[in-house]
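Visitor: Before we begin, please explain each term by the rule that lies behind it.

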Amino acid sequence: MTSPNRNLNIEFTKLFINNEWSPSTDGKVFPTFNPANEEKICDVSEASQDDVDKAVKAADTAFKRNSPWRSMDASGRGKILGRVADIMEQQKGELASIETLNTGKPYLDAVQDVEFTIDVYRYHGCLADKLSGKTIQVDGPYFSYTRPEPVGVCALILPWNYPLSIFAWKVGPALACGNTVVVKPSELSPLTALCQAAAFAEAGLPAGVLNVVNGYGPTTGAALATHPLVRKVAFTGSTATGKKVMTMAAEGTLKKLTLELGGKSPLVVFPDANLESAAISCHNSIMINSGQNCCAGSRVFVHTDIYDEFVEKAVACAQNRVVGDPFDSLSANGSLISEMQMKKVLAYIEKGKAEGAKLKCGGERIGDKGFFVQPTVFSGVTDDMTIAKEEIFGPVQSILKFTDIEDVLDRCNNTDYGLAAGVFTSDVNNATYMAHNLKGGTTWVNCADIITHQTPFGGFKGSGFGKELGEDAMKEYCDMKTITIQVINKNS
Ligand code: NDP
């Protein structure tokens, strides 16, 4: 087990363009903070529109025909991703410490994020030379085949909740397929993206293939999403911003798009479920990362027969969850990402109380330094309440009651979101029926929040479209070309 490093030397704070570190052209910087103690960590260069243009042009040049990157064998691209994974393995403790410092998440969770990131690079590195098309039987004297080709310059816009791993979710498949990328991390958590850029340079990635431009969404992010040389945008964040990005991607040059947006994921607990295990899974699903998790189980539907017993267990789990210094190995939750996010969560809690939900535990800020919120449980939640409809993105569990399977299915699906869902039951028929009828990109049975590098992840409806992770992620970063050749029999 690696140990946390509290005395970090933050080395990378500038823009990363063409494998070089440079300040922004207008010299602008923005401060980044430790949300667990509200202290400034350092200043980070803020990319202007000119810097974004420079980064996109570098990526465009690196994508040109016969460039070192385009001439490289697919297996060569895979080897670079493998080398990045090796470098990150060596830097695990350092990377996890920086992630904890910049996000307030527990160090042990950050270590898991580094491990997930490494797995993603290895997995997509191995897939780089396995991209394939089909040979197709066609009518007439022709021979047809399909060939996946990289799209071009990809703009990757990242959120703040999993800055390390979501960087890899997008960069891994994009580079494995032979694209070049410009990444804009969230302004709230810019540091580990820069560390990963350094690892790519060390691993021998040709200049211009990966560029990182930090800055604010409406300026740096918008300049990137609208740049005419960008051919694909992959975005993770809120549905509201996702819609804006979709409009931007349609302006000027039409861009391919992947949107991984929010959720209001239902978990359904039947009376025949293993109640202890279901209560723990439901608890972890909403509390992990302090609830700042797009697929958090934020609506738990529990059958009337076991409702009171389940609520008791949920409250016990919440009361036992240790919230505190994220570098302390006992802390299961650290702080939320920002004062704004904390206030947003506390406002939802007030709304829950005002609309008649029963506050069973939690509900308050902890201390007055750092953005810590108590694990909170509401029972008696009904579908019309704001806390049952909107994405809170905080450690707030809402428990609802149901009696009938058809009715609960309708209620689960009665939302514009469709990211994930879960069902807890020992009846295989119930499990399968629910899994096939819940409207969401992922359904878990007798577990929740299980995301692996091998399985595709992505939403339906207002939760977005396109897949990340797994083999399917590779398709999002390729254009499939059809080639048809006339076959002439010279002897006839
Ligand atoms: P946003 O969706 O606004 O931000 C996500 C990313 O998009 C960030 O890099 C942000 O930059 C960037 N961005 C913001 N505006 C634009 C724009 N006009 N053009 C291009 N890029 C833009 O999320 P927030 O950080 O504001 O969080 C708000 C809410 O979103 C949360 O409370 C939560 O409910 C939800 N959320 C959901 C996530 C998920 O995984 N589904 C992840 C994060 C948030 P910058 O941060 O610099 O502004």
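Guide: The dialogue below takes up a sheet, a helix packed on the sheet, and the cavities. This is a predicted model, in which local features need pLDDT of at least 70, side-chain atom pairs count only at pLDDT 80 or more, and totals for chains, interfaces and linings use all residues. Residues are numbered from 1 along each chain as its sequence is written, and side-chain values use heavy atoms, with hydrogens and water left out.

Visitor: What makes β14 and β17 a pair?

Guide: Two strands pair if DSSP finds at least two bridges between them, and strands are DSSP runs of E, at least two residues in length, numbered from the N terminus. β14 and β17 (residues 376–379) have 3 bridges in the antiparallel sense, so the criterion of at least two is met. Within this pairing, F378 of β17 is the bridge partner of L359.

Visitor: Why are β14 and β20 called edge strands?

Guide: The open sheet has 7 strands in the order β14-β17-β18-β13-β12-β19-β20, with mixed pairing. β14 (358–361) and β20 (442–445) each pair on one side only, and they are the edge strands. Neighbouring strands are turned by 20° against each other on average, direction ignored; the axes are lines fitted to C-alpha atoms, and angles run from 0 to 180 degrees between N-to-C directions.

Visitor: How do you know that β19 and β20 are paired, and in which sense?

Guide: β19 (residues 420–424) and β20 share 4 bridges in the parallel sense, so the bridge rule is satisfied here too. V445 in β20 is the bridge partner of V423. β20 has T442 and W444 on its covered face, with T443 and V445 on the uncovered one. In a regular strand, side chains alternate between the two faces of the sheet.

Visitor: What does helix α12 touch on the sheet?

Guide: Helix α12 (residues 339–354) touches β14, β17 and β18 (396–402), and its direction makes about 25° with that of β17. Contact means heavy atoms within 4.5 Å.

Visitor: What makes an empty space a cavity?

Guide: On a 1 Å grid over the protein atoms alone, a cavity is a set of points where a 1.4 Å probe fits but cannot get out; lining residues have an atom within 4 Å of a point. By this rule there are 2 cavities of 30 Å³ or more. The largest holds about 70 Å³, and of its 13 lining residues, the closest to its centre are A296, S298, E391, I392 and F393. The second largest holds about 50 Å³; of its 14 lining residues, K264, P266, T415, Y417 and G418 are the closest to its centre.

Notes: 1 Å grid on protein atoms, 1.4 Å probe; cavity = no way out; pocket = protein on both sides within 12 Å on 5 of 7 lines; lining within 4 Å. Points joined across faces, edges and corners; volume = space filled by probe spheres on them. Buried < 20%, exposed > 50% of the residue type's maximum accessible area, 1.4 Å probe, protein only.
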